[in-house]
Amino acid sequence: MAELVGDRKTGGKLDMQAEPVILNIGPSHPATHATLRFVAELDGETILSLVPEFGYLHRGFEKESEAHTWTQVVPYTDRLNYVSPLMNNVGYAMAVEKLCGIEVPERCQYIRVLICELSRIIDHMVCIGTNMVDLGALTNFWYFWKPREEVYMHLIEPLTGTRLTTGYTRIGGMQWDLPEGWVEKCRAICRNVFRPAIADVNALLTKNRIFIDRTMGAGPITAKDAIALGFTGPCLRAAGVPLDLRKDQPYLVYDRFDFDVPVGEEGDTCDRYMVRMEEMRQSVRIIEQALDQLPGGPVNVDDTRYVLPDKQQVYTNIESLMQHFKNIFEGIQVPAGEVYSATEAANGELGFYIVSKGGGGPYKIKVRPPCFNMFQGMPRLCEGQMIADLIAVLGSVNIIAGELDR
Amino acid sequence: MAEETKSPVLRKLVETFGDAVVSTHSRFGDDTALVRRERIVEILAFLRDDPDCLFDFAMDLTGVDYLGEEPRFEVVYHLYSLEKKHRVRIKARLHEDDPVIDSAVSVWPGINWYEREACDMYGIVFRGHPNLKRILMYEGFVGHPLRKDYPKAKRQPTVGPEE
């Protein structure tokens, strides 16, 4: 397993006696979507070798979090994968709750599933949409951008008050419950927005000869190589490995829903597109089931050690006022220990490794960003291929510099 | 922790490697083994290939700086098995004056960049790594930013491209 076994290991060879051309792509280039850099060695249009570089968006998330309280870290997690910030909020909150031994109320778990699946859908829409822009198919981009906007306007903004900087989870619950009418709006969006949009793009692309010719065989990877390189998420499933933590190590209430895990065969750009399209349909299914099953009750645990006391109590009795003060200024008190908690984010496994020495803030937080391994595997996907395919492949693996560089 | 409460993976690890496994625990439901750094690659390769373990994914690797403790640094591996659907955490302690451990790139190629990152952030040297360069920071950066004795507010001049 250690050796990479695919048949394109050696890349290309120079045809004529000539020097290879070194081409620098990025860090600021419209097709990289983020500040990424590649140094490609070319023979004509064939990539002989590819060296990815990153770190341009490094802002010291892990260092910064060591100087903050547990709750203050939540907004920082928004900026990891900024295309689906709610998923990072949930992943982080679940990791700290694992350390505290908190089980959040059922309603909270359902709300987390709902926002995770909504985020997965819009994340895949951005990925496919921008990938198609790079390939010259601008129309599809708008077919996906409009539904994404509807989600922001009608669901995420009323829920969190913002678009990107959501910070919606808390240790032991959520910032607040769903606003009035949200469930009906969500149901309407599934029916009237998501399903038609997915059907439209499906009709535009899936049997489109130009699209198929352009993406089939671009950046393939074998299942064995994908595992050895640590791929997760749609890129791994496109290679035929049905790893999905929602099924394999169910968290929240994912074991109560009926959904399928799509897999591809070749692991190429076309398969990655197909897997993402199907995952969106499955996410819509999950959302509809979750809305049907959504229980009532509180969203926060009934424990003021972790969740702020009721405002009315804070104003009227001294114990609640003190608890409120302590929770804000000293931070909630989390027991000493270490945990690793993983969730299935839109791009793959989002892991949080947290070390606590007790007290109000983390001793160390390490994020396992899903696209780290995929970016590392870019040479594997692209060497021996055409330089124009690099753009197609890069869009389809969905590199998000926010989580890559932290 | 009592011997009989050990998970099968940890039990197997202790049986096979004996003294090389310093301690184990399963707190918070995460199976964890602290091992001696000298045999790390051997242990990781065993965990990958053993039919009861089959950890084919190296999900994460990082360093931790326990400033003031001896040994100071810790390297933490998180492994996952596709077939068995279980996880394990392997840790090894390194002394401050000799923060060197063997590279696991030969076991999982995908661990390459994680080792580079741990080297960049903590100054841990992975012996046998094919390309142990800085990864998040730039080449001219001085020090290792995630070490506890690196001040959070410290600034360094940004450097331009080399002439």
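A search of the whole predicted model found zero disulfides over all chains. A:C186 is in no disulfide. The nearest cysteine sulfur to that of A:C186 belongs to A:C190, 4.8 Å away. A disulfide requires the two sulfur atoms to lie within 2.5 Å, so the 4.8 Å separation of A:C186 and A:C190 does not qualify. A:C186 is buried, at 0% relative accessibility.

A:C382 is likewise in no disulfide. The nearest cysteine sulfur here is that of A:C235, at 12 Å. A:C382 has a relative accessible area of 1% and therefore counts as buried, the limit being under 20%.

Backbone geometry was examined next. Most residues other than glycine have a negative phi, and most peptide bonds are trans. Three sites depart from these patterns.

In chain B, the peptide bond from B:E70 to B:P71 is cis, with omega near -5°. B:P71 sits in the loop between β3 (57-65) and β4 (73-80) of chain B.

Positive phi values occur at two residues that are not glycine. In A:L252, phi is about 45°. A:L252 is located in the chain A loop between α10 (245-248) and α11 (269-293). Its relative accessibility is 17%, so A:L252 is classed as buried. In B:F28, phi is about 60°. B:F28 lies in the loop between β1 (21-25) and β2 (32-35) of chain B. With a relative accessible area of 30%, B:F28 is partly exposed. Thus A:L252 is buried, whereas B:F28 is partly exposed.

Terms used
Residues are numbered from 1 along each chain as its sequence is written. Chains are lettered from A and ligands numbered from 1 in the order in which they are written. This is a predicted model: local features need pLDDT of at least 70, side-chain atom pairs count only at pLDDT 80 or more; totals for chains, interfaces and linings use all residues. Side-chain values use heavy atoms; hydrogens and water are left out. Buried means under 20% relative accessible area, exposed over 50%, partly exposed in between (1.4 Å probe, protein chains only). Helices (H or I, at least four residues) and strands (E, at least two) are DSSP runs, numbered from the N terminus.
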